[in-house]
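Visitor: I am new to this structure and would like to learn how to read its features. Could you take me through them step by step?

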Amino acid sequence: MSDPAANGQVSLLWHQYRLERRMFWRNPSAAFFNFLLPLLFLVVFGVIFRGNHKDLETVLPAVAAMSIMSTTFTALAMNITFLREQGVLKRMRGTPISTGTYLGGVGLNAVTNTAIQIVFVVLAGRLFFSIGWPPDPIQLIVFTFAGVICLASLGVALSHVIPNFDSAPAIVNAVFLPAVFVSGVSLDTKHSPAFAKDLAQVLPLGHVVTGLKGGMVAASGGLGNHLGALAVIAVWAAGGIYLAVRGFSWESARS
Amino acid sequence: MTSEKPAIEVRGLCKTYGAHEAVRGIDFSVAAGEVFGLLGPNGAGKTTTVEILEGYRDRTAGTVSVLGEDPQLRSTALRQRVGIVLQSCGMYRHITVREALTHWSRFYPHPRDVDEVIALAGLGEKQDERTRKLSGGQLRRLDFALALVGDPELIFLDEPTTGFDPAARRAAWETIRSLKGLGKTVLLTTHYLDEAQELADRVAIIKDGGILAIGSPAELGVQGISRYQVSYTDADGSVLSEETDDPTQLLHRLTSEAIARGESLLDLSVTRPSLEDVYLELTADV
């Protein structure tokens, strides 16, 4: 205010980020679905598979990938739809805050949730399920980052085809749940049907799980062995970013 | 009116959506410090015009200057000098009034004092309330407050009192008058005639994307299209009325003739058309 630098976009980004954090925690349903649900899954699976080291090594990265998807894809698809339909995006567009600063604040809020959840999952693995510290932290970070970019952009892209906020949960879950299911199925290579395995190879989430597994629980020879997985994620990310930017609308189609 | 450059200058503005021509070549300018009203029925092109001036929409043709800049370029410097109250627009549901104004004030280089704006908008008692608990009228006052917190030179008000009860409308009018008192330029769209008549220095009546008439509310009433109406009841009890541009002459003739006949003109009245009459006449579907 009196500080002239306070008007700088970096300072604005910080304030916008803080505001988004506050709004997130004040909205109980967002806090539950985007934050607590994956942790709940962790607890449930952890209890079911306790003592079964092999299964836990599969469950932990799967829950981590699901956390990435729910904190970015689900959260952004819902949030951008809400902000657009509610008219907040349009209002923001009329103020001097830059597009990048504003959407940066919204995006960083989502990524903060991702980071917190990954830390929780790793800590839970270490403390409660006797899985060691991540053997390949670089791979963990790279795949988390790749998953965030890919799933966040797909979430924003999906928001463009959601016509109103009432239909948002149904549409988002219609994508989220099958994606989690198919990618989860792909882990159980012995029993899953061939078409599900093929589908999982094409979709990005299963590759995020595989990459996270190597980083979190069982080193798999470094990133060099996962270039194919990264390539699939990158293709989806490129498509997601293209659609997210191209279809972006500052206002509801009704207005 | 001053010799300063106009705050808004619009020349030959056109906007088409596919085959639909929403705005068809309109011209007007708004002087600095003026309250200018765009008056017209729903779908006339008011909001399209204002949203082009606000930088929300690109024009199809014509030139537009807002505070000396082309709004289509969406410069930060211009947005720092403009306050916008959109026709309908929402807010974070879990933010308090004070938090919203404090946050918005950071967007601007020379914001007004947040307490002062809260008081001006009449939101003192609601300052710590979350917006989802505010009534429609209170949310509209928050819209005003958010548009004013950056201390803009130019304020766009798109149907600012639609849905207000009479008391809330009066209160909003007072706020708008106080803006004029502070030397702000205001562009107001409305479909309420009394609002335009009460607040605007000049009014453009807009219909089907074109301007039908432009001038001060008083000028529009006497200018051309609508004329003075003189009516009276004659000795037979029938009500007669005549229209004229020059009521003095007409009254002189009518009263002279009546006196000559030894009659009186009962219920003699001279009515100047109100803005409403002009508006109805201009916007009537023939």
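**Where the chains meet**

Guide: Before anything else, keep in mind that this is a predicted model. Where the two chains meet, 21 residues of chain A are in contact with 22 residues of chain B.

Visitor: Which helix of chain A gives the most to the side that touches chain B?

Guide: Helix 1 of chain A does, contributing five residues, and both helix 1 (9-26) and helix 4 (88-93) of chain A supply at least two residues each to that side. By character, the side of chain A that touches chain B divides into eight nonpolar, nine polar and four charged residues.

Visitor: How should I read a single helix, for instance helix 9 of chain A, and is it buried or exposed?

Guide: In general, an α-helix has 3.6 residues a turn, so residues three or four places apart point the same way. Helix 9 of chain A, residues 204-216, has 13 residues and reaches 18 Å from its first C-alpha to its last, close to the 18 Å expected at 1.5 Å a residue. Helix 9 of chain A is mostly covered, with 13 of its 13 residues buried.

Visitor: Into which domains is chain B divided?

Guide: Chain B is divided into domain 1, which covers 1-81, 154-159 and 182-215, and domain 2, which covers 228-283. The centres of these two domains of chain B, taken over C-alpha atoms, are separated by 38 Å, and their contact takes ten residues from domain 1 and six residues from domain 2. On the domain 1 side of this contact in chain B, helix 7 provides the largest share, three residues, and the residues there divide into seven nonpolar, two polar and one charged.

Definitions and conventions
Residues numbered from 1 in each chain as written. Chains lettered and ligands numbered in written order. Predicted model: local features only at pLDDT ≥ 70, side-chain atom pairs only at ≥ 80, totals over all residues. Helix = DSSP H or I, 4+ residues; strand = E, 2+ residues; numbered from the N terminus. Expected span 1.5 Å × (residues − 1). Buried ≥ 20, exposed ≤ 12 C-beta atoms within 10 Å, placed from the backbone. Domains from an automatic or database assignment. Contact = placed C-beta atoms within 7 Å. Nonpolar A, V, L, I, M, F, W, Y, C, P; charged D, E, K, R; others polar.
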